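Q: I would like a close look at a single part of this structure, and then an account of what surrounds that part. Please keep the wording plain.

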Protein chains: 2
Amino acid sequence: MEKIINRQWVLTSRPHGAATKENFELREVPVAEPRDGEVLIKTIYLSVDPYMRGRMNAGHSYAEPAQTGEVMLGRAVGKIVQSNSEGFEKGDVVVCGNGWQTYAIAKAESLRKLDLPPELLPAALGVLGMPGLTAWYGLLEIGKPKSGETVVVSGAAGAVGSVVGQIAKIHGCRTVGIAGTDEKVRWLTEELGFDAGLNYRTSPDLGAGVAAACPDGVDVYFDNVGGEVSASVLRSLNTFGRIAVCGQISTYDLDTPEPTEAILPLLLTRRALARGFIVGDHAEHFAKALGELRGWVEGGRLKHRETIIDGIEHAPEAFLGLFRGDNIGKQLVRVAEV
Amino acid sequence: MEKIINRQWVLTSRPHGAATKENFELREVPVAEPRDGEVLIKTIYLSVDPYMRGRMNAGHSYAEPAQTGEVMLGRAVGKIVQSNSEGFEKGDVVVCGNGWQTYAIAKAESLRKLDLPPELLPAALGVLGMPGLTAWYGLLEIGKPKSGETVVVSGAAGAVGSVVGQIAKIHGCRTVGIAGTDEKVRWLTEELGFDAGLNYRTSPDLGAGVAAACPDGVDVYFDNVGGEVSASVLRSLNTFGRIAVCGQISTYDLDTPEPTEAILPLLLTRRALARGFIVGDHAEHFAKALGELRGWVEGGRLKHRETIIDGIEHAPEAFLGLFRGDNIGKQLVRVAEV
């Protein structure tokens, strides 16, 4: 086999405050041969996600910290180019953990074969992948919304939030999304069926906006953002309210999150629940959840959108854009044609 | 029947900041006659509890606000002096909602007859009453401690906290209590069997103290206090930690609780749960819980202590002392001899 060059983004330094392109370096290395039970996978689509910011820090996060000099980890859709495993053949398309690089060697047992048509492959990293599972688990297993209740989601136009709101609608809830541009808010209300949307950047008083959009209060808050946005929502939290803490993107660039309105007294007076989670801890739900998600997608009840940047060389840019809110729906990098 | 005079404490004004004696007035009124299905009850022991501070405010709390001019509500142990109900006889001893007064008329269905020996009657408002049930429910149903885990409780020498720590020990946990005097800390560790105690008033660095007392981190935090004490504990919270939010006494005198270290990011990175509760919502557990509590008390595994002030005229003083930490164990007012 001819020698294949692997282009890979490595973490070269840890950020202080916001991450920048200078924290990464594009390196070229030769690809090794897969051993017994391994396969060589060419990256097709690479997922960039806010949680990866945590990996760039040395400290406590739920994501394993990346070491400087190491390739940035991450999920991807890839195509097998060489197989030393009986279960896989050249040409198979899989979900894998290739990370920010054009090729990777993986153990067969870490892969999931995809039976999706080419146009749905990006969705395997979005609505039919971890973000969709995250929305499903956090909303249904922590939020436990009942028909007629009100669900508010922050980061509503993102990969997770956009699914949360639509599942809430499917479950008969009033659904309010908070996002950062008028274009996103229009997408939520005009295309995805959210009952109301709020632009946190232009709202003169987000707390009053939430209260007006939720005349019966907030029963479930699915939080991707934290900080002031969350404080504004929580003032309207109902008795027995539930808070699914999925992300805190407003805090990821801070050494220490800003002090906020105290939440424990609010949990007490509202007899409310808050729970942080990472969906990987709940794999026992995946089969059921994926089945439901796919059924809703195929039935036209669950829409999805991907923002795709072409070229591995633009991976850091795609990642950094998440923190500016550049993406609508799932942010991906297309590394190669299918 | 001769005319009986009822002495009752009414709320005359709402506090700004700390409550004072001047918010209450002792009034004398004649006692009415019980109607069909009602009984007249003489108050023996009156319970004063931190949650009553919430009743003094007009705003949102989990306790129904008292109106100015109204008698302060509260649970009590009383003796029936006149019965118009078939289920009760003169001389029966009951748990009732007499509130801060020497007599009250009640409907029979609101009462629970007590079969305790006289020396255990105070415990009916403590370890064998709402505080005990609160400790049981919050620790076992929210905290769900497993043998070998570490449980930290704030307000540990209070009516609820002292029971929490002992139940945690019965369940095989390392148990650390936080209290406000060295005498209380000694009581916890030398008499109740806590593994360690910390005096938050004298500790130079409570966070470091908690970390040292909890070498394996904190799995369950039972919070009666909030504010800086809780922030200090939560820095040591383990992955999959549970926070039972039972009280926030440090905040009750504040119009708005002080901003604190942001808790949502902590819940996220630790994949942790926090839930506020009030035990009255969970009556389906009471029979089982009371059975366990009584069995532990009678078996000598669960100790209890009451701080008792004599005389209805001292009810406000007993109540206000809770906020200074005057009490060890359950604070009661003895209004009459049994």
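Which residues are buried in helix 3 of chain B?

A: The model is a predicted one. In helix 3 of chain B, the buried residues are Gly161(B), Ser162(B), Val163(B), Val164(B), Gly165(B), Gln166(B), Ile167(B) and Ala168(B). The helix spans residues 161–170, and eight of its ten residues are buried, so that helix 3 of chain B is mostly covered. A residue counts as buried here if 20 or more other C-beta atoms lie within 10 Å of its own.

What do these residues pack against? The buried residues of helix 3 of chain B pack against helix 2 (130–143), strand 8 (150–154), strand 9 (174–179), helix 4 (182–191) and strand 11 (218–223) of chain B. Just after helix 3 of chain B comes Gly172(B), with a positive phi of about 85°.

Take helix 2 next. Helix 2 of chain B is also mostly covered, with twelve of its 14 residues buried. Among them are Met130(B), Pro131(B), Leu133(B), Trp136(B), Tyr137(B), Leu139(B) and Ile142(B). The buried residues of helix 2 of chain B also include Gly132(B), Gly138(B) and Gly143(B). Just after helix 2 of chain B, Lys144(B) takes a positive phi of about 45°.

In chain A, Lys144(A) has a positive phi of about 45° although it is not a glycine. Most residues other than glycine have a negative phi. Lys144(A) lies in the loop between helix 2 (130–143) and strand 8 (150–154) of chain A. Lys144(A) is partly exposed, with 14 other C-beta atoms within 10 Å.

The strands belong to a sheet. Strand 8 of chain B and strand 11 of chain B run parallel and are joined by three bridges. In one of these pairings, Val151(B) has Val220(B) of strand 11 of chain B as its bridge partner. Helix 5 (residues 206–213) of chain B packs on the sheet and touches strand 8, strand 9 and strand 10 of chain B. The direction of helix 5 of chain B makes about 175° with that of strand 10 of chain B. In chain A, helix 4 (residues 182–191) packs on the sheet, where it touches strand 9 (174–179) and strand 10 of chain A. The direction of helix 4 of chain A makes about 170° with that of strand 10 of chain A.

The sheet as a whole is open, has twelve strands and shows mixed pairing. Its order is 10(A)-9(A)-8(A)-11(A)-12(A)-13(A)-13(B)-12(B)-11(B)-8(B)-9(B)-10(B). At the edges stand strand 10 (196–199) of chain A and strand 10 (196–199) of chain B, each with a single partner strand, so one side of each has no neighbour in the sheet. From one strand to the next, the twist averages 15°.

The sheet order passes from chain A to chain B at strand 13(A) and strand 13(B). Strand 13 of chain A and strand 13 (residues 273–276) of chain B run antiparallel, joined by three bridges. Leu273(A) has Arg275(B), in strand 13 of chain B, as its bridge partner. Before strand 13 of chain B, in the loop that follows helix 7 (264–269) of chain B, is Arg271(B). Arg271(B) has a positive phi of about 50° although it is not a glycine. Arg271(B) counts as partly exposed, with 18 C-beta neighbours inside 10 Å.

The contact between the chains takes 31 residues from chain A and 31 residues from chain B. On the side of chain A that touches chain B, helix 7 (264–269) and strand 13 (273–276) of chain A each supply at least two residues. Helix 7 of chain A gives the most to that side, with five residues. By class, the side of chain A that touches chain B has 15 nonpolar, nine polar and seven charged residues.

Finally, how are the two chains related? Chain A is superposed on chain B by a rotation of 180° with 0.0 Å of shift along its axis, at an RMSD of 0.0 Å. The two copies are therefore related as by a two-fold rotation axis. The same surface serves both copies, since 100% of the contact residues of chain A recur in chain B.

Methods. Residues numbered from 1 in each chain as written. Chains lettered and ligands numbered in written order. Predicted model: local features only at pLDDT ≥ 70, side-chain atom pairs only at ≥ 80, totals over all residues. Least-squares fit on C-alpha atoms with pLDDT ≥ 70 in both. Contact = placed C-beta atoms within 7 Å. Helix = DSSP H or I, 4+ residues; strand = E, 2+ residues; numbered from the N terminus. Nonpolar A, V, L, I, M, F, W, Y, C, P; charged D, E, K, R; others polar. Pairing = 2+ DSSP bridges. Axes fitted to C-alpha atoms, helices over the stretch in contact; angles between N-to-C directions.
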